[in-house]
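Work through these exercises with the sequence and the 3D view open. Try each task before you read its solution.

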Amino acid sequence: MNERELLVRLIAGPVSGDVLARESGQTRAAIWKNIETLRASGVQIDAQAGRGYVLQQHVDLLDGVAIADALPDGVRTQLASLDIEWTLDSTSSALLRTMTPPCCWRNIKPAGVAAVAARGRRRLRPTCTCRWRAISAAAWRAWVA
């Protein structure tokens, strides 16, 4: 069970580390490491006696189809691709590695300078980087609407 699969399972409701370990064929220690990685990324997860791991707040993962459908037709036709990534070193670098001008979203933004600037508060927030400024603004407005 990778981090994304674990988060999807936690979105479904509280679950114990033992159940997660059995479902995934991993050890409880491996599950705990993945939980800690999600926590380090800003996902707030509680460990409650008798209930297991519980998300402190609801999390919505990005849905590429829903984002594309919400874009105005003029913008959608200009979009060569819309890629949803779990995590990236840099969305700008990922775009530079491609030959087409896509719009690239990521679910998890690793802690960095922005996290320090936010006075230690970590936020789980999707980020979008586009080569075209007009697509970036339209895509973001569509996603937050």
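**Exercise 1. Find how far apart in sequence the contacting residues lie.**

Solution. Start with contacts, meaning heavy atoms within 4.5 Å. Take those in the protein chain between residues at least 6 apart in sequence: 50% of them join residues at least 24 apart. Now note what you are looking at. This is a predicted model, where local features need pLDDT of at least 70 and side-chain atom pairs count only at pLDDT 80 or more, while totals for chains, interfaces and linings use all residues. Residues are numbered from 1 along each chain as its sequence is written, and side-chain values use heavy atoms, with hydrogens and water left out.

**Exercise 2. List the secondary structure.**

Solution. Use DSSP runs, numbered from the N terminus: helices are H or I with at least four residues, strands are E with at least two. The protein chain has eight helices and five strands. From the N terminus, their order is α-α-α-β-β-α-α-β-α-β-α-β-α.

**Exercise 3. Describe helix 3 and its buried side.**

Solution. Step one is length. Helix 3 has 13 residues and reaches 18 Å from its first C-alpha to its last. That is close to the expected 18 Å, where the expected span is 1.5 Å times one less than the number of residues.

Step two is burial. Buried means under 20% relative accessible area, exposed over 50%, and partly exposed in between (1.4 Å probe, protein chains only). In helix 3, the buried residues are Ile 31, Asn 34, Ile 35 and Leu 38. Seen down the axis, they fall within an arc of 105°, so they line one face of helix 3. The arc is taken from the directions from the helix axis to the C-beta atoms. The general rule helps: an α-helix has 3.6 residues a turn, so residues three or four places apart point the same way.

Step three is the cover. It includes helix 1, helix 2, strand 1 (45-48), strand 2 and strand 3 (82-87).

**Exercise 4. Is Asn 34 buried or exposed, and what does Asn 34 touch?**

Solution. Asn 34 lies in helix 3. Its relative accessibility is 15%, so Asn 34 counts as buried. Leave aside neighbours within four places in sequence. Asn 34 is then in contact with Met 1, Asn 2, Glu 3, Leu 6 and Gln 26.

**Exercise 5. Find what follows helix 3.**

Solution. Look just after helix 3. There Gly 42 takes a positive phi of about 105°.
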